[in-house]
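Work through the exercises below with the sequence and the model open. Try each task before reading its solution.

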Amino acid sequence: MLLPEKFLICVRCEDGVKREEGQTPIPGEGIPNAEVMLIGESPGAEEMKSGRPFQGKAGENLNRFLASAGLDRSKMYVANTTRCRPYKETVRILKDGTKKITKSNKPPSQHAIRSCATWLDMEIDLVNPKLIVTLGSTPLKRLVPDYSISEVHGTLLTVPIQHAGEKEDSREFTLSEKEYHVFPLYHPAAIIYRRELQEVFEQDLHKLRKTVEELKLNSVLL
């Protein structure tokens with residue numbers, strides 16, 4: 001883990017406060033000096049259980065899609081925008097009178113995104129990737145707020161990114177002096193709910209492969 005140990009007890013936002021006993025925020029994982037960094041949205045139930053990003057069905061989908069474009073996730077660094085699961089609870093009264101509580105994922109709040117900002121910034125600074133791949137709207141808006149995913153998916157951006165202030169719990173954003181290569185993709189989970197995106201996503205992956213080759217990031221090629 002690149003982050004300090006105190007990260008594992010972070011309760012800066014409502015999602016951290018609602019963590020189940022024994023669970024911790026989810027740090028990024030992968031090659032410490034990876035040339036390519038993937039940034040997703042938030043952990044789900046499987047990630048909170050395993051303590052690792054992009055596990056379960058979401059992880060399988062990501063691995064499969066990357067491999068289809070000849071890219072190796074194990075040679076990248078993978079993290080999420082927020083680090084604890086955002087969820088809503090639905091309560092149903094069963095026929096026997098007992099309550100059944102169902103937890104379902106929801107997008108992270110702006111408070112959670114800002115509360116986790118310095119953790120993500122720290123990992124970006126430590127890894128110092130040559131290419132950041134955002135998965136979905138949330139990480140794109142976190143780093144590059146002036147663009148929407150529908151406008152720039154599958155496009156290489158060379159831009160400053162938002163980062164939080166120097167204080168560890170800062171929630172105020174400014175733009176970096178340095179420019180980063182940012183390649184936005186739709187989130188792999190979006191394809192499950194919007195099948196029409198599959199062809200677009202696959203085309204974008206092949207554009208990503210071409211971008212990786214043009215930037216000579218050979219370490220992530222299969």
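**Exercise 1. A backbone angle**

Which residue just after H5 takes a positive phi?

Solution. The coordinates come from a predicted model. Go to the residue that comes just after H5: asparagine 128. Its phi is positive, at about 55°.

**Exercise 2. Burial along a helix**

Find how many residues of H5 are buried, and name them.

Solution. Step one: set the limits of H5, residues 117-127. Step two: apply the cut-off, where buried means under 20% relative accessible area. Eight of the eleven residues pass, so the helix is mostly covered. Step three: list them. They are Ala117, Thr118, Trp119, Leu120, Asp121, Glu123, Ile124 and Val127.

**Exercise 3. The sheet**

Give the strand order of the open sheet, then identify its edge strands.

Solution. Six strands make up the sheet, in the order E1-E3-E2-E6-E8-E7. Pairing is mixed. The edges are E1 (29-30) and E7 (157-164), each of which pairs on one side only. Now take one pair inside this order. E2 (residues 36-40) and E3 (residues 77-80) run parallel and are joined by four bridges. Isoleucine 39 faces alanine 79 of E3.

**Exercise 4. Helices on the sheet**

Which strands does H5 lie across, and which does H9 touch?

Solution. H5 lies across E2, E3, E6 (131-135), E7 and E8 (173-185). Its angle to E7 is about 130°. H9 (residues 197-214) also packs on the sheet, touching E6 and E8. The directions of H9 and E8 make about 115°.

**Exercise 5. The largest pocket**

Describe the volume and lining of the largest pocket.

Solution. The volume is about 740 Å³. Count the lining: 33 residues. Nearest the centre lie Glu41, Asn105, His187, Ala189 and Tyr193. Next, sort the lining by class: 16 nonpolar, eleven polar and six charged. Last, assign helices. H2 (45-50), H3 (56-68), H6 (137-143) and H8 (190-193) each supply at least two lining residues. H3 gives the most, with four.

**Exercise 6. The enclosed space**

How many cavities of 30 Å³ or more does the structure hold, and what lines the largest?

Solution. The search finds one. The largest cavity holds about 80 Å³ of space. Its lining has 16 residues, with Cys10, Cys13, Gly16, Cys84 and Cys116 closest to the centre. H1 (14-17) and H4 (110-115) are the elements that give two or more residues. By class, the lining splits into nine nonpolar, three polar and four charged.

How values were computed. Residues are numbered from 1 along each chain as its sequence is written. This is a predicted model: local features need pLDDT of at least 70, side-chain atom pairs count only at pLDDT 80 or more; totals for chains, interfaces and linings use all residues. Side-chain values use heavy atoms; hydrogens and water are left out. Buried means under 20% relative accessible area, exposed over 50%, partly exposed in between (1.4 Å probe, protein chains only). On a 1 Å grid over the protein atoms alone, a cavity is a set of points where a 1.4 Å probe fits but cannot get out, and a pocket is an open set with protein on both sides within 12 Å along at least five of seven lines; lining residues have an atom within 4 Å of a point. Grid points are joined across faces, edges and corners, and a volume is the space filled by probe spheres set on the points. Ala, Val, Leu, Ile, Met, Phe, Trp, Tyr, Cys and Pro count as nonpolar, Asp, Glu, Lys and Arg as charged, and the others, Gly among them, as polar. Two strands pair if DSSP finds at least two bridges between them. Contact means heavy atoms within 4.5 Å. Axes are lines fitted to C-alpha atoms, for helices over the stretch in contact, and angles run from 0 to 180 degrees between N-to-C directions.
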